[in-house]
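Subject: A structure for you to look at

Hello,

Here is the structure I promised to pass on to you. Please open it beside this email and follow along as you read.

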Amino acid sequence: MQKRISKTGRISIPKSIMQHICVQTNDYIELNLEYGNIVIKKFYPKTVITRPYIGVIKKVKSTNELSIPKEYIDVLNLKEGTNIQLEKAHSKIVIKIIK
């Protein structure tokens with residue numbers, strides 16, 4: 001599914017895609033950069049002490065709108081209107097930048 005990044009660095013992720021990773025309103029998600037893509041996974045707080053690293057943690061709002069961290073915007077050189085592709089992959093959502 002193709003989308004665009006808004007002026008404020010936000011993207012809207014359809015509820016059906018968020019349900020792919022079993023995320024509902026008020027759950028937490030983790031964002032990481034992997035090979036130039038933004039990867040979203042459901043975050044389980046109890047795993048904090050057993051993991052070597054943790055990405056950016058965000059709470060899912062009822063609108064399913066996601067703000068991309070400014071650091072990711074800078075590193076990936078994202079601008080308003082940048083085309084992205086949302087892909088479901090196993091237990092994660094991959095946001096690929098279309099160039």
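Let me begin with a definition: a residue is called buried under 20% relative accessible area, exposed over 50%, and partly exposed in between, using a 1.4 Å probe and the protein chains only. K96, for instance, has a relative accessible area of 33% and is partly exposed.

Two notes on where the values come from. This is a predicted model, in which local features need pLDDT of at least 70 and side-chain atom pairs count only at pLDDT 80 or more, while totals for chains, interfaces and linings use all residues. Residues are numbered from 1 along each chain as its sequence is written, and side-chain values use heavy atoms, with hydrogens and water left out.

**The sheet**

A good place to start is the open sheet of 6 strands, which has the order 1-7-8-4-3-5 and antiparallel pairing. Its edges are strand 1 (2-4) and strand 5, each of which pairs on one side only. On average, neighbouring strands of this sheet are turned by 30° against each other, direction ignored. Some terms: helices (H or I, at least four residues) and strands (E, at least two) are DSSP runs numbered from the N terminus; two strands pair if DSSP finds at least two bridges between them; axes are lines fitted to C-alpha atoms, for helices over the stretch in contact, and angles run from 0 to 180 degrees between N-to-C directions. As background, strands of a sheet pair through backbone hydrogen bonds, either parallel or antiparallel.

How many bridges join strand 3 to strand 4? There are 6 between strand 3 (residues 28-34) and strand 4 (residues 37-42), and the two run antiparallel. One place to look is L33, whose bridge partner in strand 4 is I38.

N37 also sits in strand 4. With a relative accessible area of 17%, N37 is buried. Apart from neighbours within four places in sequence, N37 is in contact (heavy atoms within 4.5 Å) with N32, V94, I95, K96 and I97.

**Salt bridges**

Side chains of opposite charge can pair when their charged atoms come close. A salt bridge here is a side-chain nitrogen of Lys or Arg within 4 Å of a carboxyl oxygen of Asp or Glu. A search of the whole structure finds 7 of them.

R10 forms one with E65, and their closest N and O atoms are 3.3 Å apart. This pair links distant parts of the chain, since R10 is in strand 2 (residues 10-12) and E65 in strand 6 (residues 65-67), 55 residues apart. R10 is partly exposed at 30%, and E65 is partly exposed at 38%.

K92 forms a salt bridge with E34, with 3.6 Å between the closest N and O atoms. Because K92 lies in strand 8 (residues 92-97) and E34 in strand 3, the pair ties together parts that are 58 residues apart in sequence. K92 is partly exposed, with a relative accessible area of 24%.

The side chains of E87 and K96 meet in a salt bridge too, at 3.4 Å from N to O. Salt bridges that share partners join E34, K41 and K92 into one network.

**A buried residue and a surface patch**

Is I17 buried or exposed? I17 is buried, with a relative accessible area of 7%, and its place is in helix 1 (residues 15-20). Leaving aside neighbours within four places in sequence, I17 is in contact with M1, L86, K88 and I93. I17 and M1 are 16 residues apart along the chain, and their C-alpha atoms are separated by 9.6 Å.

On the surface, Y28, V48, I49, I54 and I57 make a nonpolar patch of about 450 Å². Patches are made of residues with over 30% relative accessible area and no salt bridge, with like charges joined within 9 Å and nonpolar side chains (Val, Leu, Ile, Met, Phe, Trp, Tyr) within 5 Å. Accessible areas come from the Shrake-Rupley method with a 1.4 Å probe, and for residues only the protein chains shown count as cover. In this patch, I57 belongs to strand 5 (residues 56-59) and is partly exposed at 33%.

**Two asparagines in loops**

N26 has a positive phi of about 75° although it is not a glycine. N26 lies in the loop between helix 1 and strand 3. N77, also not a glycine, has a positive phi of about 55°, and its place is in the loop between helix 2 (70-76) and strand 7 (83-89).

Enjoy exploring!
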